[in-house]
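Me: I would like a close look at one part of this structure, followed outward into its surroundings. Please keep the account formal and connected.

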Amino acid sequence: MGGYRINTEPEKAILIGVSNDNQPYSHIEDYLAELAFLVETAGAIPVRTFIQRLDTPNSRTFIGSGKLDEVRQFVIREKIDIVIFDDELSPSQLRNLEMELGIRVLDRTNLILDIFAQRAKTAYAKTQVELAQYEYLLPRLAGMWTHLERQRGGIGLRGPGEAEIETDRRIIRTKIAILKDHLEKIDRQMTTQRKNRGRLVRVSLVGYTNVGKSTLMNLLSKSDLFAENKLFATLDATVRKVVIGNLPFLLSDTVGFIRKLPHHLVESFKSTLDEVREADLLLHVVDISHPGFEEQISVVNQTLQEIHAADKPTLVVFNKTDAYSYVPKDEDDLSPRQKENLTLEELQKSWMARNNAPCIFISALLKQNAEALRRLLYDMVREIHITRYPYDNFLY
Ligand code: GDP
Ligand code: MG
């Protein structure tokens, strides 16, 4: 068929971020590094990043006209295929930018949705993603891509599976209604299924994306889940029965959280997140080797609050201790110590002292401290079980 993009070569992308008081310059580089990771996960090549210091984004084109010129020249010279913004753009900003630059423009939300679409495995996850994609798309349709028809099939234009997403307004409206209806039916089935699981304590793995949740799930349940160094490898919730000692419980692994996940997107994955919402105990997995792990912790806590799951008993699992790099400080360097100037033991002590949730340090990959984790988990699950089913003494 003519007019379709032939997907032989990966698309070349440039990334744009804006720094302001909410996003200081020191953070924006980390944010764009994460965006680059997302771009690679989606299958494109991040070629360059542009950062502009701007207190209020330009209402027409998000970035200022000078920066836009610079970007345009680079796009032409380097034959760039897509421009990706770290922030959510309004429908009109998106349209204006596509007009000005003559190539496809994506924002962070669109990119994340695209990755979700590629990663969704079950019919259920696909339905959720498709709904989220169409709800994102509908207000942005006017004029969008009409001048870019030949690039159909690229990032941001792919639905779940092989399907290309629909761009006809009327068809989309009908689709949204059908998808919602379909999801409601599945939801009812799943709620019934969850109720039928019986008297087992339910534990849920939560955490930022790529911290090692699936690896830990595999370790605890001796299963073989998909874990790789890409964002959002897991989109569907997986539930396994785990037995520690003589104590059985259910462990679920699900989609990771990430900063700037728009509220309506979180909403679309409501059913996937029900697993978390209905859990008795959360294992909050943290990648201690990531320089921004503290911010990742707050993003997760914030998201948990959004889905009303913040007040559950929680065990914080600091993972990837094997990859933690300690940078000793020079004795005559008087600047305050940063967290990387702490040894793992010091870091552990300071977290144990200030964290009100219990925590443990492990390496899921190298299975370090796994026994201690199992013992701790056993105690916490057992306590919940005893409280819930006081007459259930066959267990002990
Ligand atoms: P998820 O997105 O939270 O489910 O993370 P995954 O379990 O898919 O792991 C993401 C990446 O981190 C994979 O490449 C894992 O091999 C790696 N990983 C997981 N646990 C550890 C660990 O303890 N140490 C190191 N160095 N890497 C780990
Ligand atoms: Mg995973």
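At what angle do helix α7 (residues 213–221) and helix α12 (residues 370–388) pack, and how far apart are their axes?

Reply: The model is a predicted one. In it, helices α7 and α12 pack at an angle of about 80 degrees, and their axes lie 11 Å apart. Because angles from 65 to 115 degrees count as roughly perpendicular, α7 is described as roughly perpendicular to α12. On the α7 side, the contact is made by L216, L219 and L220. On the α12 side, A370, L373, R374 and L377 take part.

Of these residues, L216 merits further attention. Leaving aside residues up to four places away in sequence, L216 touches L205, V285, V317, I362, A364 and L373. L373 also belongs to the α12 side of the helix contact.

The wider setting of L216 is the largest nonpolar core, which has 72 residues. L216 and L111 are the residues with the most contacts inside this core. The greatest contribution to the core comes from helix α1 (residues 25–42), which gives eight residues. At least three residues are drawn from each of domain 1 (12–163) and domain 2 (199–327 + 337–388). A second core, separate from this one, has 20 residues, including I16, F62, V83 and L101. In general, nonpolar side chains tend to be buried together in soluble globular proteins.

The charged side chains form the next part of the picture. A search of the whole structure finds 26 salt bridges. One of them joins the side chains of E275 and R202, at 3.5 Å from N to O. This pair links distant parts of the chain, with E275 in helix α9 (residues 270–277) and R202 in strand β5 (residues 201–207), 73 residues apart. Both E275 and R202 are buried.

R72 takes part in two of the salt bridges considered here, one with D69 and one with E100. The N to O distance is 2.6 Å for R72 and D69. These two residues are three residues apart in helix α2 (residues 65–77), so about one helical turn separates them. For R72 and E100, the N to O distance is 2.9 Å. That pair links distant parts of the chain, since R72 is in helix α2 and E100 is in helix α3 (residues 91–101), 28 residues apart. R72 counts as partly exposed because its relative accessibility is 23%. D69 is partly exposed as well, with a relative accessible area of 36%, and E100 counts as partly exposed at 28% relative accessibility.

A network of salt bridges links E34, D86, D87, R108, R259 and K260.

One polar residue completes the account. Q133 lies in helix α5 (residues 123–137). Its relative accessible area is 5%, so Q133 is buried. Not counting residues up to four places away in sequence, Q133 touches L113, D114, A117, R158, G159, P160 and I165.

To return to the original question, the α7 and α12 axes are 11 Å apart at about 80 degrees, and L216 of α7 takes part in that contact while being one of the residues with the most contacts inside the largest nonpolar core.

Technical notes: Residues numbered from 1 in each chain as written. Chains lettered and ligands numbered in written order. Predicted model: local features only at pLDDT ≥ 70, side-chain atom pairs only at ≥ 80, totals over all residues. Heavy atoms only, no water. Core = buried A, V, L, I, M, F, W, Y, C linked by side-chain atoms within 4.5 Å. Buried < 20%, exposed > 50% of the residue type's maximum accessible area, 1.4 Å probe, protein only. Helix = DSSP H or I, 4+ residues; strand = E, 2+ residues; numbered from the N terminus. Domains from an automatic or database assignment. Contact = heavy atoms within 4.5 Å. Salt bridge = Lys/Arg side-chain N within 4 Å of Asp/Glu carboxyl O. Axes fitted to C-alpha atoms, helices over the stretch in contact; angles between N-to-C directions. Parallel < 35°, antiparallel > 145°, perpendicular 65-115°, else oblique.
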